[in-house]
Amino acid sequence: MCGIVGYVGKEQAAPILLDGLSKLEYRGYDSAGMAVYDGEKIVINKSTGRLKVLSELTHDGENMPGHIGIGHTRWATHGEPTETNAHPHFNESKTIAVVHNGIIENYLKLKNLLIERGYQFVSDTDTEVVAHLLDYYYKKYDKDPLTAVVKVIHRVEGSYALGIIFADYPDVVYSVRKDSPLIVGKAKEGNLIASDVPAVLKYTRDVYFIENEEIARLTEDTIEFFNVDGEPIQKQSKHIDWDINAAEKNGYEHFMLKEIYEQPKAVRDTISPRIKDGKIIIEELGMTDEEIRSIKKIHIVACGSAYHTGVTNKYIFEGLARIPVEVDLASEFRYRNPIFEEGALVIIISQSGETADSLAALRLAKEKGVKTLGIVNVVGSSIAREADKVMYTWAGPEIAVATTKAYSCQLVAQYLLALKFAQVRGQITDEQLKEYLHEIEMLPNQIEILLGNKERIQKFANRYVAAKDVFFIGRGIDYAISLEGSLKLKEISYIHSEAYAAGELKHGTISLIEDGTLVTAVVTQEELYKKTISNIVEVKTRGAYVLAVTNDDNLDIEKTADSVIYIPKTNAYFTNSLAIIPLQLFAYYVSVGKGLDVDKPRNLAKSVTVE
Ligand code: G6P
């Protein structure tokens, strides 16, 4: 994972690098560092811990003079999060500095070769190999930085986005990527590189998206691109018109709370452009009705919460469109030699569009000649660019590591897709479609109603800050909701939590229930209501305290559950969009109650660009 930035221009580099890194901290935050050329030599400052430690160390960058530099925020893969392992890394003579996002897979082999040639390593990172290898080729090829970069990328295997500066060329930043994201920003007062667009938005809205094995060479007023062999290539910049404020907290205590509250708008923005006069228009799908009718199977592939939206939508694609669906975790899918039949469609779901396993799954499907569709939030991200078709979720920038609004948008984007397929395939009538769409269009207001009830959930959450284990149970779509409710809680509160298909409880998990254990039962599927009530009784008999999340007409649940949260009535297929709201708030307030860093939970990162 990790985030990289670079700047060359008229302004002092370090404060700009720090500002850029602050927008990339979601990519990793266990250490950070900067390298700046101060007029005579390259100076590096780095520190463990959050970016603010580096800001303090450098007085917000003020005590690092110089107009060119590179920076890094780290999520450790190779080597513990120590100061030595933090980036940037130097060659031995401290004339080349490198920042890296990704993993050099053949680093051990290269390290041994370099050690044989007399190079000495100071860190445990794979990145240091790049610094020494650059040094080796730089010296070998007449001190030509571009040739050195070209030679290095022919030798390293794995994924990388690199930012490089050479003391001998104190006005040039080099950058190159393979399978890790990289953009170049063209600003008035200088040029920038970064792992992601928000890092440069303050300075420019004109960015170049760098493709695999493309090299960028930046000076204060020039930007050049080269291919893997060092030959010049032309690239077009894109204008980004995002709202810059979307990446700020706007008075909320945490990004997560702000993003929870942005859900009505995000869901509305995702659905409304696609519903016109009672019809679903998904132009970007680019599929004729004939093609939609010829789909024989859908593979939904994703990671984390995005995967959970697939688990929910399997029920909807199968139930409404009658298309068989397999849902896979991308990390499993890519190595299980999946069988693709004629008429298969692979849907990759990803907020960031950069998750390494999801991207690899997409490439696998493409290699096998299967049609691919990305449901992606970040415009211009790798999955968005590489999928045959892309349907964007319009959640806007999501900063908190634990996803909320992007998750909600992924859900509704798939509802629309499933309904579109159902209608084209003659599985539902126009009248039924209208009714379903009416329910979907009500969701944003219903989410607003649920958000109005936060105090009660906060009080309830405060009672559970010391909980050891929490269980979530449900059947069918309620099980899918439980998966996400449980993940939200564990990732930000560090409380052990498990989601279980309610009917499966008695095959093991029930032995973990003790006096007072909190069990959250999701009971929104009327057809399964009685079955889940039986499971609630089973856990209560073993001492559990049961919080039920159910539809607002199931009042008699109060006879069985200890506490109840009601959600407004919607169609059974769409209850996830409502039931998840109190569970997000619950996880949020438990984390706040424990005094944890809600937006940046330990050991996690928002965009997982390594396997
Ligand atoms: C990380 C994030 C999750 C996210 C998952 C998949 O684990 O913390 O919130 O669901 O990655 O990310 P993607 O960007 O592909 O949706």
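A polar contact here is a pair of N or O atoms within 3.5 Å. With that cut-off in hand, the ligand site of this predicted model is a handy place to start. A backbone N or O atom of Gln351 sits 2.6 Å from an oxygen atom of the ligand, so the pair falls inside the limit for a polar contact. Next door in the sequence, Ser350 offers a polar side-chain atom, again at 2.6 Å from an oxygen atom of the ligand. Val401 joins in through its backbone, with a polar atom 3.2 Å from a ligand oxygen. As for overall cover, the ligand on its own has 390 Å² of accessible area, and the protein covers 90% of that.

Stepping back to the whole shell, 13 residues surround the ligand, and those that come nearest are Ser305, Ser350, Gln351, Ser352 and Thr355. Sorted by class, the shell holds seven polar residues, five nonpolar ones and one charged residue. Helix α9, spanning residues 304–321, supplies the largest share of this shell, namely three residues.

And where does the ligand sit among the pockets? The space it takes up is the second largest pocket. That pocket comes out at a volume of about 540 Å³. Its lining counts 28 residues, with Gly304, Ser305, Ala605, Lys606 and Val608 closest to the centre. Ser305 thus turns up both here and among the residues that come nearest to the ligand. Four elements give two or more residues each to the lining: α9, β20 (344–350), α13 (405–424) and α16 (477–493). Helix α9 therefore shows up in this list as well as in the ligand shell, both elements being DSSP runs. In terms of class, the lining of the second largest pocket splits into 13 nonpolar, ten polar and five charged residues.The largest pocket is another matter, with about 660 Å³ of space. A total of 40 residues line this pocket, and Trp242, Asn377, Ala395, Gly396 and Pro397 lie closest to its centre. Helix α7 (residues 263–271) gives the most to the lining, with three residues. By class, the lining of the largest pocket has 17 nonpolar, twelve charged and eleven polar residues.

Then there are the closed spaces. Searching the whole structure turns up three cavities of 30 Å³ or more. The largest cavity holds about 60 Å³ of space. Its lining is made up of Cys2, Arg74, Trp75, Ala76, Thr77, His78, His87, His100, Gly102, Thr125, Asp126 and Thr127. Of these, seven count as polar, three as nonpolar and two as charged.

His87, one of the residues lining the largest cavity, also takes part in a backbone oddity: the peptide bond that joins His87 to Pro88 is cis, with omega at about 0°. Pro88 belongs to the loop between β4 (68–74) and β5 (89–90).

Two further backbone points deserve a mention. Asn250 is not a glycine, yet it has a positive phi of about 45°. Asn250 is placed in the loop between β15 (238–239) and α6 (255–261). Arg322, likewise not a glycine, has a positive phi of about 55°. This arginine, Arg322, is in the loop that runs between α9 and β19 (325–329).

Key:
Residues are numbered from 1 along each chain as its sequence is written. This is a predicted model: local features need pLDDT of at least 70, side-chain atom pairs count only at pLDDT 80 or more; totals for chains, interfaces and linings use all residues. Side-chain values use heavy atoms; hydrogens and water are left out. A residue is near a molecule or strand if one of its heavy atoms lies within 4 Å of it. A polar contact is a pair of N or O atoms within 3.5 Å; within protein, one must be able to donate a hydrogen and the other to accept it, and residues adjacent in sequence count only if both atoms are side-chain atoms. Accessible areas come from the Shrake-Rupley method with a 1.4 Å probe; for residues, only the protein chains shown count as cover. On a 1 Å grid over the protein atoms alone, a cavity is a set of points where a 1.4 Å probe fits but cannot get out, and a pocket is an open set with protein on both sides within 12 Å along at least five of seven lines; lining residues have an atom within 4 Å of a point. A molecule sits in a cavity or pocket if more than half of its atoms lie within 2 Å of its grid points. Ala, Val, Leu, Ile, Met, Phe, Trp, Tyr, Cys and Pro count as nonpolar, Asp, Glu, Lys and Arg as charged, and the others, Gly among them, as polar. Grid points are joined across faces, edges and corners, and a volume is the space filled by probe spheres set on the points.
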